[in-house]
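This briefing is intended for a reader at the bench who has the sequence and the coordinates to hand. The notes begin with one residue and its surroundings, and then proceed by topic.

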Amino acid sequence: MAIAIILILIVVASVLFHILAPWQATPAASNWGSIDTTLFITLVITGIFFIAITVFMAVAVMRYRHKEGARAAYQPENKKLEWWLIVITSVGIVGMLAPGLVVYNDFVQVPKNANELEVIAQQWQWAFRFPGQDGKLGRSDVKFVDSANPLGLDPKDPVGQDDVLIRNNEIRLPLDQPVKVLLRSKDVLHNFYIPQIRAKMDMVPGMVSHFWFTPTKTGKFEVLCAEYCGVGHYNMRGHMIVEEQGAFDQWLNSQPTFAQTLTTAAKPSRDSVLEKGRLLAESYGCRACHSLDGSASLGPGWKGLYGRTEQLVDGTRVLVDEAYLKESIRDPKARQVQGYPPVMVPYTLNEDELGALVALIKSLSAVPQDDGPSASDATGRGDDLAAQGQQLAESLGCLACHSVDGKQGVGPSWQGLYGKTETLADGTRVKADEGYIKDSVLNPNAVIVKGYAPIMPAFALSDEDLNALIAFIKSKANANADAK
Ligand code: CUA
């Protein structure tokens with residue numbers, strides 16, 4: 001009885017919620033109506049099914065509740081009932097899907113007078129391109145992508161020279177002008193999504209998808225990425241500002257053409273080196289994880305970073321100088337700052353580009369410093385094999401889970417591990433000797449130390465690499481081995 005009442009209350013509350021909800025959005029674009037109507041039809045159909053099924057459950061709970069002596073009747077099939085259910089659900093599904101065909105057709109049938117706008121996605125930011133005076137977008141291809149030309153336009157295509165490039169996350173559009181949005185991605189799947197405009201489409205590397213709409217209301221709307229694209233996905237946001245034609249034209253004229261960006265990239269003054277660093281930071285998406293104002297993010301903020309001394313994951317300390325920054329860009333896992341996840345990918349930049357990025361980072365420090373003495377080189381001293389092992393541990397990412405200073409990690413710390421007796425998940429005890437450590441690297445989930453999750457991937461290492469790694473772990477056997 002109580003359950004039947006709760007079920008009925010859930011139905012009544014859900015219906016009332018939808019009828020009385022005060023949130024009404026104002027239509028902000030041409031395709032608003034049809035898409036919302038389709039969503040509303042879906043809501044009504046699923047709502048009817050929801051009410052019918054829940055009420056049926058309530059009735060069944062009441063009517064067929066347990067009674068002394070009553071027996072359930074066995075009825076394996078009921079042709080008539082099955083036909084009714086098939087017909088009703090088919091009508092419901094057709095009712096939900098059919099309007100979508102019409103609406104999607106409108107969404108991709110672009111009117112002749114639409115202006116073009118290209119949206120380029122990459123981990124984890126947006127860039128945009130307008131066709132310029134000639135109304136045509138120039139050719140593009142991944143083979144043209146470099147730091148001076150991050151959108152990969154063909155430098156030889158005359159049509160592309162006047163294309164206007166917006167290399168940041170904010171785009172503007174003129175009010176009441178239909179716009180054809182062309183979408184392409186430079187790396188992985190993304191999805192261009194502006195909720196208020198009811199516009200959303202996947203961006204697939206290697207192809208150009210499109211849709212169109214006419215913005216009908218001025219304002220600032222958020223642009224989101226709606227396809228999981230990596231650790232910076234949540235931060236892949238931008239804005240679309242819809243404004244009057246006059247204001248838009250003025251803004252558009254102040255933006256650089258493709259030809260202009262190529263000439264700026266060509267002449268190296270100090271300002272242009274910084275500008276190049278900024279463009280690189282934008283085009284490689286550095287800023288998705290490194291803030292410029294010192295605020296916390298996935299990676300260390302760049303403000304005040306240069307010249308600072310940072311604590312690394314292995315407990316050693318390093319002065320952030322030019323050499324360290326360059327190494328960290330080329331091989332981010334080599335010397336990782338403590339407290340950050342090991343998620344940065346290596347970037348293959350030439351010396352020029354590295355110099356520009358470092359100049360940018362330097363410029364964000366209050367006291368710009370000249371190159372200090374290079375930080376102590378962890379791999380160039382002492383026992384060669386152990387040093388080689390340390391390098392391996394760094395490059396394979398072992399240190400992300402295994403500390404070398406006894407700190408609690410995802411996996412057992414290596415400090416004092418060698419020679420210790422560990423209790424396994426099945427209660428047996430094992431001595432962490434050479435054989436055991438080798439097995440644990442090659443086939444980590446065969447035996448698990450008690451208290452740790454079985455999540456370590458297997459590493460297929462040569463005997464030589466294994467020996468180096470074990471030499472490094474051995475060197476940490478003594479609790480004080482980390483002094484440095
Ligand atoms: Cu791009 Cu998610």
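Beyond its neighbours within four places in sequence, Ile448 is in contact with Leu424, Ala425 and Pro454. The model in which these contacts occur is a predicted one. Ile448 lies in the loop between α10 (434–442) and α11 (463–475), and it counts as buried because its relative accessible area is 17%, under the 20% limit for that class.

**Ile448 and other pairs separated in sequence**

- Ile448 and Gly411 stand 37 residues apart in sequence, while their C-alpha atoms are 9.9 Å apart in space.
- Gln390 belongs to helix α9, which comprises residues 384–396.
- With a relative accessibility of 8%, Gln390 is classed as buried.
- The C-alpha atom of Gln390 is separated by 9.7 Å from that of Asp314, a residue 76 positions away along the chain.
- Leu39 is a residue of helix α2, which comprises residues 32–63.
- Leu39 counts as exposed because its relative accessibility is 53%, and the class begins over 50%.
- Between the C-alpha atoms of Leu39 and Cys401 there are 46 Å, and the two residues are 362 positions apart along the chain.

**Overall form and composition**

- The protein chain contains eleven helices and 14 strands.
- The radius of gyration of the protein chain is 31 Å, whereas a compact globule of 484 residues would have a value near 23 Å.
- Along the principal axes, the C-alpha atoms of the protein chain occupy a box of roughly 85 × 80 × 35 Å.
- Of the 484 residues in the protein chain, 38% are buried.
- Among contacts in the protein chain with a separation of 6 or more, 65% are between residues 24 or more positions apart.
- The exposed surface of the protein chain is about 27,000 Å², of which carbon and sulfur atoms supply 59%.
- The protein chain carries 45 positive and 52 negative charges, and the mean positions of the two sets are 6 Å apart.

**Backbone geometry in the loops**

- As a general background, most residues other than glycine have a negative phi, and most peptide bonds are trans.
- The peptide bond that leads from Gln123 to Trp124 is cis, and its omega is near 0 degrees.
- Trp124 is placed in the loop between β1 (115–122) and β2 (125–130).
- Asp176 is not a glycine, yet its phi is positive, near 60 degrees.
- The loop that holds Asp176 runs between β4 (170–174) and β5 (179–185).
- Asp176 has a relative accessibility of 45% and is therefore partly exposed, since that class lies between the 20% and 50% limits.
- Arg198 likewise is not a glycine and has a positive phi, of about 60 degrees.
- Arg198 is situated in the loop between β6 (190–194) and β7 (199–203).
- The relative accessibility of Arg198 is 22%, so this residue also counts as partly exposed.

**His233 and its contacts**

- His233 is located in the loop between β9 (219–225) and β10 (237–243).
- At 19% relative accessibility, His233 is classed as buried, because the limit for that class is under 20%.
- When neighbours within four places in sequence are set aside, the contacts of His233 are Trp124, Cys225, Ala226, Glu227 and Tyr228.
- Trp124, one of these contacts, is the residue that follows the cis peptide bond from Gln123.

**Cysteines**

- Cys225, also among the contacts of His233, is buried, with a relative accessibility of 9%.
- How many disulfides does the structure hold? The number is zero.
- Cys289 takes part in no disulfide, and the nearest cysteine sulfur, that of Cys286, lies 8.9 Å away.
- That distance of 8.9 Å does not qualify because a disulfide requires cysteine sulfur atoms within 2.5 Å.
- Cys289 is itself buried, at 12% relative accessibility.

Conventions. Residues are numbered from 1 along each chain as its sequence is written. This is a predicted model: local features need pLDDT of at least 70, side-chain atom pairs count only at pLDDT 80 or more; totals for chains, interfaces and linings use all residues. Side-chain values use heavy atoms; hydrogens and water are left out. Helices (H or I, at least four residues) and strands (E, at least two) are DSSP runs, numbered from the N terminus. Buried means under 20% relative accessible area, exposed over 50%, partly exposed in between (1.4 Å probe, protein chains only). The radius of gyration is taken over C-alpha atoms; the globule rule is 2.2 Å times the number of residues to the power 0.38. Contact means heavy atoms within 4.5 Å. Accessible areas come from the Shrake-Rupley method with a 1.4 Å probe; for residues, only the protein chains shown count as cover. Lys and Arg count as positive and Asp and Glu as negative; His and the chain ends are not counted. The place of a charge is taken as NZ of Lys, CZ of Arg, CG of Asp or CD of Glu.
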